Amino acid sequence: RMLFLDGILQSESSSEREYHEALVHAGMFSHADPKRVAIVGGAEGATLREVLKHKTVESVTMVEIDQELIDITKTYMPFMSDCIDYVGRSDNCFDDPVLDLVVEDAKEWFMDRSNKADKQEKFDVVIVDAMEPEASSAISKDLYDTAHLEAILNTLTDEGIMIIQIGRA
């Protein structure tokens, strides 16, 4: 199975595990104690699935703009959000109690949070798993602009790590 958005390949069943493992685990293992994690995008649930493998994780905030895409991937690509083998986790990653799913524009959400960063808890790890940066859509350009990336950085703890998907080799 393959998922396309605006004609651009986003995910494919034959290589999604390698992609999501590489995206998530290097950064998660680089942090000494990743408890609070945010995911930008990730409608398929596979980034969430990989984050939930880490027993230190106490909360995950996933900011995804498209509820319909989440619903489509739950229906047609359920293997992406399958956490059935994870001890202490829900069978479907989207049902896990540590998840706070925010269906909202990530740039606006992080910009707002960045402005209040001194008053809010910060993230140990933020994973940007959104559209390919080289995609020609206005959405992808907006996700990777300097203001949005700075807003994400402002929501990190001092030891925080930002993981960002920058395109295919």
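Student: What makes helix 6 a helix, and which strands does helix 6 lie across?
Tutor: Helices are DSSP runs of H or I with at least four residues, strands are runs of E with at least two, and both are numbered from the N terminus. Helix 6 covers residues 146-154 and lies across strand 3, strand 6 and strand 7. Its angle to strand 7 is about 135 degrees, on a scale from 0 to 180 degrees between N-to-C directions, with axes fitted to C-alpha atoms (for helices, over the stretch in contact).
This is a predicted model, in which local features need pLDDT of at least 70 and side-chain atom pairs count only at pLDDT 80 or more, while totals for chains, interfaces and linings use all residues. Residues are numbered from 1 along each chain as its sequence is written, and side-chain values use heavy atoms, without hydrogens and water.

Student: How do you know that strand 3 and strand 6 pair?
Tutor: Pairing requires at least two DSSP bridges between two strands. Strand 3 (residues 36-41) and strand 6 (residues 123-129) share five bridges and run parallel, so they pair by that definition. One bridge links G41 to D129 in strand 6.

Student: Why does one side of strand 5 and of strand 7 lack a neighbour in the sheet?
Tutor: The open sheet has five strands, paired in parallel, in the order 5-4-3-6-7. Strand 5 (99-103) and strand 7 (156-164) are at the edges with a single partner strand each, so one side of each has no neighbour.

Student: Why is D129 called buried?
Tutor: Buried means under 20% relative accessible area with a 1.4 Å probe, counting protein chains only. D129 has 7% relative accessibility, so D129 counts as buried.

Key. Contact = heavy atoms within 4.5 Å. Buried < 20%, exposed > 50% of the residue type's maximum accessible area, 1.4 Å probe, protein only.
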